[in-house]
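Please open the structure in a viewer and keep the sequence panel visible beside it. The tour below proceeds by selections, each followed by a description of what is to be found there.

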Amino acid sequence: MDKKVSDKKERLLAALDQGMVMIHLDARRPGVLVPASLRGEAHLRLNLSYRFEPPDLTVGEWGVRSTLSFSGSRFTVAVPWSALFAIASHVTKEFWMYPEEMPPELLQQPPVASASVSRPPQPAPVPVPVAAERPRAFLREVQSEHSDEPETQARPAEVPSPAAAESGPGSPPEEPQPPRRGGHLRLVK
């Protein structure tokens, strides 16, 4: 395996370990297997993840294979390393490009941002900690105002609201508010 293929494989595997990855490929290259409607695409983007169903993503010496969903239908795609020209991590926002593998049509396109339009400077990306480095969240019980035990204390006499006092004795009484319930979550051991 040559150095370029080895570099692509290492970067793709490292990005997949972090989460979802988008690969950019030329679907017209030999060996690429994609749905018929996408075979003529010079710049096809596919999302890959170890979490997709079915979990059959393989990254090998030849390239990448996985079953993906296209408009609700599953299709097993195959992408040789020679057709892959960019890798982008959705998690870390890192992007690796291999210009020598890009289709000539993409190289001839003018840049998207023109010199006459000034863009505000983008903030530097914040590194996302790996799952092992993130602090683990713990659940804890929150004491509610009401307990599950029956009330043994006498309730204080209800004081009429100011609106009820103003409306007078001839008006219909306000509906009593239902008692406030405790939280709906409970601790399961």
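Select R65 and W62 to begin. The charged end of R65 sits over the ring of W62, at 4.3 Å from the ring centre. The model in view is a predicted one, and every stop on this tour should be read with that in mind.

**The strands around R65**

Keep R65 selected and add T58, which stands opposite R65 in β4. The strand β3, residues 58–59, pairs with β4 in the antiparallel sense over two bridges. Three residues lie between β3 and β4, and these strands form a hairpin.

Next, select residues 63–70 and 73–80, which are strands β4 and β5. Eight bridges join this antiparallel pair. Two positions help to trace the pairing from residue to residue. G63 has P80 as its bridge partner in β5, and S69 has R74 as its partner in that strand.

Is strand β4 enclosed or open to the outside? Of its eight residues, six are buried, so β4 is largely enclosed by the rest of the structure.

**The turn at S71**

Move to the turn of the hairpin formed by β4 and β5, where two residues separate the strands. Select S71, found in the loop between β4 and β5. Its phi is near 50°, a positive value in a residue other than glycine. S71 has a relative accessible area of 82% and is therefore exposed.

Now select F70 and F75. How are these rings arranged? Their centres are 6.4 Å apart and their planes stand at 85°, so the pair is edge-to-face. The count of aromatic pairs comes to one. F70 counts as buried because its relative accessibility is 18%, under the 20% limit. F75, with a relative accessible area of 24%, is partly exposed.

**The four-stranded sheet**

Turn to the open sheet, in which four strands follow the order β2-β1-β6-β7 with antiparallel pairing. Its edge strands are β2 (44–48) and β7 (95–97), each of which pairs on one side only. From one strand to the next, the twist averages 20°.

Select residues 21–25, strand β1, together with β2: five bridges join these antiparallel strands. H24 and R45 provide a point of reference here, since R45 is the bridge partner of H24 in β2. As a general guide when inspecting any such strand, side chains alternate between the two faces of the sheet in a regular strand.

Add residues 3–18, which form helix α1. This helix lies across β1, β2, β6 (84–89) and β7, and runs at about 25° to β6. From α1, select K8 and then Y98. The charged end of K8 sits over the ring of Y98, 5.3 Å from the ring centre.

**The loops**

Select M20, located in the loop between α1 and β1. Which residues does M20 touch, leaving aside those up to four places away in sequence? They are N47, L48, S49, F52, S89, H90 and V91. M20 and F52 are 32 residues apart along the chain, and their C-alpha atoms are separated by 9.4 Å. With 30% relative accessibility, M20 counts as partly exposed.

Proceed to the loop between β2 and β3, where P54 is found. Display the backbone of E53 and P54: a cis peptide bond joins these residues, with omega at about -10°.

Then select K93 in the loop between β6 and β7. K93 is not a glycine, yet it has a positive phi of about 65°. Its relative accessible area is 62%, so K93 is exposed.

**Confidence in the model**

As a last step, colour the chain by pLDDT. The protein chain has a mean pLDDT of 77, and 60% of its residues reach 70 or more. Select residues 114–118, over which pLDDT stays under 50. For this stretch the model has zero contacts beyond four places in sequence. Where pLDDT is low, the predicted coordinates should not be read in detail.

Note on methods. Residues are numbered from 1 along each chain as its sequence is written. This is a predicted model: local features need pLDDT of at least 70, side-chain atom pairs count only at pLDDT 80 or more; totals for chains, interfaces and linings use all residues. Side-chain values use heavy atoms; hydrogens and water are left out. Two strands pair if DSSP finds at least two bridges between them. Axes are lines fitted to C-alpha atoms, for helices over the stretch in contact, and angles run from 0 to 180 degrees between N-to-C directions. Contact means heavy atoms within 4.5 Å. Buried means under 20% relative accessible area, exposed over 50%, partly exposed in between (1.4 Å probe, protein chains only). Rings of Phe, Tyr and Trp (its six-membered ring) pair if their centres lie within 6.5 Å; planes under 30 degrees apart count as stacked, over 60 as edge-to-face and the rest as tilted. A charge sits over a ring if NZ of Lys or CZ of Arg is within 6 Å of the ring centre and within 35 degrees of the ring normal. pLDDT is the predictor's confidence in each residue, from 0 to 100.
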